[in-house]
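These are my notebook entries on a structure that I am reading for the first time. I record what I looked up, entry by entry.

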Amino acid sequence: MHAPRPSAAGGLVVASSHAACPTDAVAEIARSIDGRVLAGGILFCSSSYPREALAAAIAQHLSGFPLAGCTSAGEITGRGYDADSLLFMGFPADSFTFRVLHLSSIDGLDRDDARRQIRHLAANVRHEARCLGENGSQVALFFVDGLSHREELLTMTVQDALGDIPLIGGSSGDGLLFSETGVLCNGAFRSDTAAIVMLASSRPMQVYSECFYEPGPQRMVVTAADPERRIVHEINAAPAADEYRRLAGAPGAVLDTAFFAAHPPMVRAGGNYHVRAIQTANPDGSLTFYGAVDRGIVLTVGEPVDRVARLKQFFAKLHAEVGEIDHVLGFDCVLNRIDAEQRQLAGEVCAIYGANRLAGFNTYGEQFRAAHLNQTLSCLAIGR
């Protein structure tokens, strides 16, 4: 087991395991709880674990409190960026309440019914927060099938129902296979599923999101697209892959994940620029995106900022606003990880994460309030 740091008495239980056997890995996590009474816990799992065996081990060793989580495109542990591991975060019952709502069959989601369920849950959590004291805080964690293509619709629906309770979360992954992701639901890892965790606490909790790219001068207009499948066929009336390569300044480049991470398309929304990341280049010259795209959308090719300096400023802000931090729950896009590794920044990034007690997972997309984002570090800072 490797914990990000020994937790102080009464702190969150945060631990990871690299045991290859699912039963051994979950048992190791269970031992780290060491008799603590938990309101609930979250678990992020490498896609290398066989899911049925992992679910059976979870049922055997992590019972007695509600649990939520998902498969990942990489874990963030005390080592920083990690792989082939489990990451657990447990919330002590003396300062947290923890309620889970699952949304199944999200491809055909009844939005009105979902809003009704979420509003009922949020009302209960607001009441529980009052019982924790005048300074109680509430937040909703969100885990969603990263291959569902429903994140935008779900994020807006859930945040609308939550009212002033902020939403933060991530899209499940399976390494870079883009084959099958899973959200932990009723004892199994399921696709076409989302989980909402309503947290209330006597401690300060605040959500944040940061991007490490700025819009460049090149503009591209999507002129042919399949919005349902998030596929762009043409940019500026030319084959999408060729025009994207040209505008990125590398007409002969191989379009792979590292290239997409280094040259992310960005779109302006709500007065700010956000990454609209590319997932894959297709044999017909089209591009599949992680987020919503449609004909007429105007994109620009993003350019990197000084990530190390930006991260230091970001965490300085967290500490100034939250005070002493127990842990930061992080949802970090897998493309951020790949770009940090390509630029040989991963060591510095991991050191900053470790120093600021960040633990979480690499996502196929991040949810922040009402927005589904790409290539951000979105997180929940939890005070002591």
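**Entry: a helix pair.** I began with helix α1, residues 22-33, and helix α2, residues 51-61, in this predicted model. Their axes lie 8 Å apart, and the packing angle is about 30 degrees. I noted the crossing of α1 past α2 as right-handed. I then listed who makes the contact: α1 contributes Pro-22, Thr-23, Val-26, Ala-27 and Ala-30, while α2 contributes Ala-53, Leu-54, Ala-57, Ile-58 and His-61. Sorted by class, the contact of α1 with α2 holds eight nonpolar residues, two polar residues and no charged ones.

**Entry: the sheet.** I next traced an open sheet of six strands, whose order reads β7-β12-β8-β9-β24-β25. The pairing in this sheet is mixed. Which strands stand at the edges? I found β7 (96-104) and β25 (371-373) there; each has a single partner strand, so one side of each has no neighbour in the sheet. From one strand to the next, the twist averages 20 degrees.

I looked at one pair in detail. Strand β8, residues 137-144, pairs with strand β9, residues 167-171, in the parallel sense, and five bridges join them. For Ala-140, I recorded Leu-167 in β9 as the bridge partner.

**Entry: a helix across the sheet.** I followed helix α4, residues 151-162, and found that it lies across β7, β8, β9, β12 (193-201), β24 (366-368) and β25. Relative to β8, helix α4 runs at about 160 degrees.

**Entry: a covered helix.** How many of the nine residues of helix α8 are buried? I counted seven in this helix, which spans residues 334-342 and is mostly covered. The buried residues of α8 are Val-334, Leu-335, Asn-336, Arg-337, Ile-338, Asp-339 and Ala-340. Just after α8, I noted a positive phi of about 60 degrees at Gln-344.

**Entry: positive phi in two loops.** I checked Asn-186, which sits in the loop between β10 (183-185) and β11 (188-190). Its phi is near 50 degrees, a positive value in a residue other than glycine. I also asked whether Asn-186 is buried or exposed. Asn-186 has a relative accessible area of 65%, so I entered it as exposed, the cut-off being over 50%.

Asp-192 is in the loop between β11 and β12. I recorded its phi as positive, about 55 degrees, although Asp-192 is not a glycine. With a relative accessibility of 26%, Asp-192 counts as partly exposed.

**Entry: cysteines.** I searched the whole structure for disulfides and found zero. Why is there no bond between Cys-333 and the closest cysteine? The closest cysteine sulfur to that of Cys-333 belongs to Cys-211 and is 9.8 Å away, which is too far for a bond because a disulfide needs the two sulfur atoms within 2.5 Å. I repeated the check for Cys-350: the closest cysteine sulfur is in Cys-333, at 15 Å, and is again too far for a bond.

I then looked up the burial of both residues. Cys-333 is buried, with a relative accessible area of 1%. Cys-350 has a relative accessible area of 15%, and I entered Cys-350 as buried because the cut-off is under 20%.

How values were computed
Residues are numbered from 1 along each chain as its sequence is written. This is a predicted model: local features need pLDDT of at least 70, side-chain atom pairs count only at pLDDT 80 or more; totals for chains, interfaces and linings use all residues. Side-chain values use heavy atoms; hydrogens and water are left out. Axes are lines fitted to C-alpha atoms, for helices over the stretch in contact, and angles run from 0 to 180 degrees between N-to-C directions. Helices (H or I, at least four residues) and strands (E, at least two) are DSSP runs, numbered from the N terminus. A crossing is left-handed if the near helix is turned anticlockwise from the far one by less than a right angle, and right-handed if clockwise. Contact means heavy atoms within 4.5 Å. Ala, Val, Leu, Ile, Met, Phe, Trp, Tyr, Cys and Pro count as nonpolar, Asp, Glu, Lys and Arg as charged, and the others, Gly among them, as polar. Two strands pair if DSSP finds at least two bridges between them. Buried means under 20% relative accessible area, exposed over 50%, partly exposed in between (1.4 Å probe, protein chains only).
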